[in-house]
Amino acid sequence: MNSLQVCCGEFIRIILFVLNFIFWAAGGVILGVGIYVKVQVDNLVGVTVSHDTLNTSALFLITLGCIVFVVGLLGCCGSLTQNRCMLLLYFSLVTIIFLGEIALAIAVYANKDTVTQSIKDQFSDCMGKYDNTTTPNNVCKDAIDSVQSVLHCCGVNKTTDWKDYNHPLAPPESCCEDQTKCNYSTAYQDGCFTVINTFVNHNAKYIGFGVLGVALVELLGMSLACYLRTFIIKRTEYLEPHAA
């Protein structure tokens, strides 16, 4: 094993450590934000989303933060201690996540029409349950109010969709910026599905670049971990006869 191979191995180890330290720190921040929102959800004021939506978002952030934190920690420890088992576990986890993302992307793309229609059907179904007073916590009402307030939209495709759901004179107050004077004239005129579809179409290339960037970083981490583990194995095999 020559000096160039040793230098390359150490350089790869440093890059892998720095890359995963960033992930580890980011995972810690995401986890902290998720825990804070979960703990303080009842004390948050001035937000336009419901508590149920905040709770769901908090659980998502906690789950995502835990995954990123653990993967980043394994990468940091594996590269710092040059532990082959940690590097193998890190490589395996990132590979599973990477393959899962590919499978999810393929499934969504192959069934995009079905997924789109399912989202519209779910939203329409919730609109039908919006005024349901039989349950103390109306999840549909909270979800629709959150979506309409945040996205500044009303109904599925257009504001007047609400006329088909027992709102002949005025849509829900979440359809209006001024909720004290809410009617079909002052309500947001774009449907929620229309707003989301327009946003995705206008920002498709940026979303694509973001997904591609994440995939490249994952591939980079997998490649670095694989190279470093191979380097450690070869170095150990080289040093053992010389030590004897």
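This is a tour of a predicted model, stop by stop, with what to select at each one.

Residues are numbered from 1 along each chain as its sequence is written, and side-chain values use heavy atoms, with hydrogens and water left out. Because the model is predicted, local features need pLDDT of at least 70 and side-chain atom pairs count only at pLDDT 80 or more, while totals for chains, interfaces and linings use all residues.

**Helix α1**

Begin with helix α1, residues 3-40. Helices here are DSSP runs of H or I with at least four residues, strands are runs of E with at least two, and both are numbered from the N terminus. Select Val 37, which is found in this helix. Val 37 counts as buried at 15% relative accessibility. Buried means under 20% relative accessible area, exposed means over 50%, and partly exposed is in between, with a 1.4 Å probe and protein chains only. Then add Gly 9 and draw the C-alpha to C-alpha distance: the two residues are 28 apart in sequence and 42 Å apart in space.

**Aromatic residues**

Select Phe 17, Phe 21, Trp 24 and Phe 69, which form one aromatic cluster. Rings of Phe, Tyr and Trp (its six-membered ring) pair if their centres lie within 6.5 Å; planes under 30 degrees apart count as stacked, over 60 as edge-to-face and the rest as tilted. By this rule the count comes to five aromatic pairs. For one pair, select Tyr 130 and Trp 162: the ring centres are 5.1 Å apart and the planes are at 70°, so the pair is edge-to-face. This pair links distant parts of the chain, with Tyr 130 in the loop between α4 and α5 and Trp 162 in the loop between α5 and α6, 32 residues apart. Tyr 130 is buried, with a relative accessible area of 6%, and Trp 162 counts as buried at 0%.

**Around Asn 138**

Stay in the loop between α4 (112-128) and α5 and select Asn 138. Asn 138 is buried, with a relative accessible area of 11%. Contact means heavy atoms within 4.5 Å. Leaving aside neighbours within four places in sequence, Asn 138 is in contact with Lys 129, Tyr 130, Asp 131 and Asn 132. For a distance across the model, add Thr 63: its C-alpha atom is separated from that of Asn 138 by 25 Å, and the residues are 75 apart along the chain.

**Salt bridges**

A salt bridge is a side-chain nitrogen of Lys or Arg within 4 Å of a carboxyl oxygen of Asp or Glu. The count comes to four, and the tour visits these:

- Lys 129 with Asp 125: the closest N and O atoms are 3.2 Å apart. Lys 129 is partly exposed at 39% relative accessible area, and Asp 125 is partly exposed at 38%.
- Asp 145 with Lys 141: the closest N and O atoms are 3.1 Å apart. Both residues lie in helix α5, four residues apart, about one turn of the helix. Asp 145 counts as buried at 16%, whereas Lys 141 is partly exposed at 32%.
- Asp 161 with Lys 158: the closest N and O atoms are 3.3 Å apart. Asp 161 is buried at 9%, whereas Lys 158 is partly exposed at 43%.

**Nonpolar cores**

A nonpolar core is a set of buried Ala, Val, Leu, Ile, Met, Phe, Trp, Tyr and Cys residues joined through side-chain atoms within 4.5 Å. The largest has 17 residues; select Phe 123, Met 127, Ile 144, Cys 154, Trp 162, Cys 175 and Cys 176, which touch the most other members. Helices α4 and α5 are the elements that give two or more residues to this core, and the largest share, three residues, comes from α4. Next, centre on Cys 176: not counting residues up to four places away in sequence, Cys 176 touches Cys 182, Asn 183, Thr 186, Ala 187 and Tyr 188. Apart from the largest core lies another, of 15 residues, among them Ile 12, Val 71, Leu 87 and Leu 228.

**A surface patch**

Finish on the surface by selecting Val 150, Leu 151, Ile 196, Phe 199, Val 200, Ile 207 and Val 211, a nonpolar patch with about 580 Å² of accessible area together. The elements that give two or more residues to the patch are α5 (139-151), α6 (192-202) and α7 (204-243). Helix α6 gives the most, with three residues. Patches are made of residues with over 30% relative accessible area and no salt bridge; like charges are joined within 9 Å, and nonpolar side chains (Val, Leu, Ile, Met, Phe, Trp, Tyr) within 5 Å. Accessible areas come from the Shrake-Rupley method with a 1.4 Å probe, and for residues only the protein chains shown count as cover. Val 150, in helix α5, is partly exposed, with a relative accessible area of 45%.
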